[in-house]
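Me: I would like to understand the terms used to describe how the helices pack here. Please set each value against its criterion.

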Amino acid sequence: MTVDKNRFTKSERKELRELVGLAYERELGKALEALEESFRQWRKKKISAFELSDRIHKFHNGVARDLWGFYEIGHTELLVRHAIAEEIILKSEVSPGILGKLT
């Protein structure tokens with residue numbers, strides 16, 4: 001993740017990285033909610049352990065990998081812009097200095 005070092009101060013770059021981490025955690029958490037439902041189905045004997053294992057495998061190789069690639073390889077400033085636009089991060093969670101530089 002890179003940030004234009006001339007545009008942001010050291011503390012702002014740190015905040016941007018933290019915001020990216022927060023957005024990644026929130027999106028991953030939301031995706032895990034669907035997997036959590038699979039665990040409920042398994043506990044209620046509605047799906048087998050094999051089916052649950054398959055769903056875990058698909059989650060790991062699908063959405064989890066996609067999110068990791070998106071957040072770990074992306075440009076920090078663009079990721080924060082995306083997270084704000086998609087309301088993953090609220091504008092109120094971003095310092096005014098960074099918010100001003102992103103708009």
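The exchange below concerns helix packing and the nonpolar core in this predicted model.

Me: Why is H1 called roughly antiparallel to H2?

Reply: The axes of H1 and H2 cross at roughly 170 degrees and come within 10 Å. Angles over 145 degrees count as roughly antiparallel, so H1 is roughly antiparallel to H2.

Me: Which residues make this contact, and how do they divide by class?

Reply: Among them are Val20, Ala23, Leu28 and Trp42 of H1, with Leu52, Phe59, Trp68 and Tyr71 of H2. By class, the contact of H1 with H2 has 18 nonpolar, two polar and three charged residues.

Me: What makes H1 oblique to H3?

Reply: The axes of H1 and H3 come within 9 Å and cross at roughly 50 degrees. Roughly parallel requires an angle under 35 degrees, and roughly perpendicular one of 65 to 115. The value of roughly 50 degrees lies in neither range, and H1 is therefore oblique to H3. The crossing of H1 past H3 is left-handed. Leu16, Leu19 and Val20 of H1 and Leu79 and Val80 of H3 are among the residues in contact.

Me: Which residues touch the most other members of the largest nonpolar core, and which helix gives the most to this core?

Reply: In this core of 21 residues, Ala23, Tyr71, Val80, Ile89, Val94 and Leu102 touch the most other members. H1, H2, H3 and H4 each supply at least two residues, and H1 gives the most, with seven. Leaving aside residues up to four places away in sequence, Val80 touches Leu16, Leu19, Val20 and Leu102.

Note on methods
Residues numbered from 1 in each chain as written. Predicted model: local features only at pLDDT ≥ 70, side-chain atom pairs only at ≥ 80, totals over all residues. Heavy atoms only, no water. Core = buried A, V, L, I, M, F, W, Y, C linked by side-chain atoms within 4.5 Å. Buried < 20%, exposed > 50% of the residue type's maximum accessible area, 1.4 Å probe, protein only. Helix = DSSP H or I, 4+ residues; strand = E, 2+ residues; numbered from the N terminus. Contact = heavy atoms within 4.5 Å. Axes fitted to C-alpha atoms, helices over the stretch in contact; angles between N-to-C directions. Nonpolar A, V, L, I, M, F, W, Y, C, P; charged D, E, K, R; others polar. Left-handed = near helix turned anticlockwise from the far one by under 90°.
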